[in-house]
Amino acid sequence: MSRKKTPKSKGGSVPAASTLPAAANGPRLAHPRTARPGPEAPPNGPPQSGRPSLGGTGDFYDVAFKVMLVGDSGVGKTCLLVRFKDGAFLAGTFISTVGIDFRNKVLDVDGMKVKLQIWDTAGQERFRSVTHAYYRDAHALLLLYDITNKDSFDNIQAWLTEIQEYAQQDVVLMLLGNKVDSTQERVVKREDGEKLAKHLAGSSYLQEYGLPFMETSAKSGLNVDLAFTAIAKELKQRSTKAPSEPRFRLHDYVKREGRGVSCCRL
Ligand SMILES: Nc1nc2c(ncn2[C@@H]2O[C@H](COP(=O)(O)OP(=O)(O)OP(=O)(O)O)[C@@H](O)[C@H]2O)c(=O)[nH]1
Ligand SMILES: [Mg+2]
C-alpha cells in the first residue's frame, strides 16, 4: 500500500455558506491507484501490510480520520489545536472562531502514519447550524469545557444532546477540562469532571465505549498531545484491528499516561 501525501497548507477555514464535506464516515485509507491529496479521499478498505516506505517525513499517511473540537466559546478549542499542531500558545486577545476551521497533523501510531484532520468549530451559538452539518463526518469528538467557567461545564450535557442528534452512533468521544494551569481561577473541581464523565458514560448512547476524561492546558501543553494521540490510537485500532488482537483500551491508556492529576485538585 502506498502512502498518501497530505496537502502542504496549514489548514483552512470554511465560511458559514460554503460546501460541506463528503458524507462517508469510514476512515480515509490510502490506496496505490486512487490516492490523492485532500480530505475528500475515498474509503478504500483496511490498510495492507508490505507498503513501501516513503521517508517518514510526516507528509505521507496510511489512514486518515476527522476529529472535531466542540464546546462553548472561549473554552480553548483553538488554543488546544494550535498547541497540538504548532507547539505554541495563543496568548493575548481572544479571537473567536468564525464558522469552522481545520488543521492536519500526521502521527506515527505503532508504525502506521495516521492523519488527523482536526476541525475547530466556533462555540458561539450563532454558528451552531454550520457546525451541525459537520458532525456526521466526524470519527471523533473532543468535547471541551473550561475549568474556570462553570457555565461551560454545565453546558456539557446540552453539547452531548447535540452530538447524539447529529453525530454518528459510534463516534469516539472524549471530555476535556481545559485551562488547568489557571489554578487560582478554578471553579470546576477535577472530581466533578470525573463524576460527570462517569454519569454520562452510563447513558445508553455511550455505554459501549464510555466517556474518557482528562484535564488539559493549552497554555502549558499538559495532556494535549496525549488527548490527540489517544484518539488516534483508538481510531486506528478500530479500523485495522485483527479479530485476534486485544482491543485498545482508551480509558486505561488515558489513565495510565495522563499527567498532572495530583497537582490540580482544589
Ligand atoms: N490560562 C489558559 N488560557 C487559555 C487556555 N486555552 C485557551 N486560553 C485562553 O482562552 C481564550 C479563548 O481561547 P480560544 O482557544 O480562542 O477559545 P475557543 O474555544 O476557540 O473559542 P471560540 O472560537 O469562540 O469557540 C483565549 O484568551 C486563550 O488565550 C489554557 O489552557 N489556559
Ligand atoms: Mg476558536
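**View 1. Confidence across the predicted model.** The protein averages a pLDDT of 79, and 73% of the residues score at least 70. Please keep in mind that this is a predicted model. Confidence is highest in helix α3 (residues 150-154), at 98, and lowest in strand β3 (residues 28-29), at a mean of 52. Two stretches deserve a careful eye. Over residues 15-24 the pLDDT stays under 50, and the model has 14 contacts beyond four places in sequence for them. Over residues 261-266 the pLDDT also stays under 50, with 6 contacts beyond four places in sequence.

**View 2. The overall fold.** Here you can take in the secondary structure of the protein, which comes to 7 helices and 10 strands. Of the 266 residues, 41% are buried. Among contacts with a separation of 6 or more, 75% are between residues 24 or more positions apart.

**View 3. The surroundings of ligand 1.** Ligand 1 is surrounded by 22 residues, and the closest are S73, G76, S96, T97 and G123. Which helix gives the largest share of this shell? That is helix α1 (residues 77-86), with 3 residues. Sorted by class, the shell holds 11 polar, 7 nonpolar and 4 charged residues.

**View 4. Strand β8, a covered strand.** Strand β8 spans residues 140-146, and 7 of its 7 residues are buried. A140, L142, L144 and D146 point one way from β8, while L141, L143 and Y145 point the other way. In a regular strand the side chains alternate between the two faces of the sheet. For β8, the residues pointing either way are buried.

**View 5. The partners of β8.** Strand β5 (residues 63-71) runs parallel to β8, and 5 bridges join the two. Look for M68, which stands opposite L141 in β8. Strand β9 (residues 172-178) also pairs with β8 in the parallel sense, over 7 bridges. There, L173 in β9 is the bridge partner of L141. L141 thus makes a handy landmark, with M68 opposite and L173 as its partner in β9.

**View 6. The largest nonpolar core.** This core has 62 residues, of which V67, L141, L143 and I231 touch the most other members. Leaving aside neighbours within four places in sequence, I231 is in contact with V67, A140, V172 and M174. In soluble globular proteins, nonpolar side chains tend to be buried together.

**View 7. Strand β7 and its two neighbours.** Of the 10 residues in strand β7 (residues 112-121), 9 are buried. How do β5 and β7 pair, parallel or antiparallel? They pair in the parallel sense, over 7 bridges, and F65 has L116 in β7 as its bridge partner. Strand β6 (residues 100-109) pairs with β7 in the antiparallel sense, over 10 bridges. In that pairing, the bridge partner of L107 is V114. The hairpin of β6 and β7 has 2 residues between the strands, and D110 takes a positive phi near 50 degrees there.

**View 8. A buried glutamate, E215.** E215 lies in strand β10 (residues 213-215). Why does E215 count as buried? E215 counts as buried because 25 C-beta neighbours lie inside 10 Å, and the cut-off for burial is 20 or more. Another glutamate to find in this view is E194, which is 21 residues apart from E215 along the chain, with 9.6 Å separating their C-alpha atoms.

Methods: Residues numbered from 1 in each chain as written. Chains lettered and ligands numbered in written order. Predicted model: local features only at pLDDT ≥ 70, side-chain atom pairs only at ≥ 80, totals over all residues. pLDDT = per-residue confidence, 0-100. Helix = DSSP H or I, 4+ residues; strand = E, 2+ residues; numbered from the N terminus. Contact = placed C-beta atoms within 7 Å. Near = placed C-beta within 6 Å. Nonpolar A, V, L, I, M, F, W, Y, C, P; charged D, E, K, R; others polar. Buried ≥ 20, exposed ≤ 12 C-beta atoms within 10 Å, placed from the backbone. Pairing = 2+ DSSP bridges. Core = buried A, V, L, I, M, F, W, Y, C linked by C-beta atoms within 7 Å.
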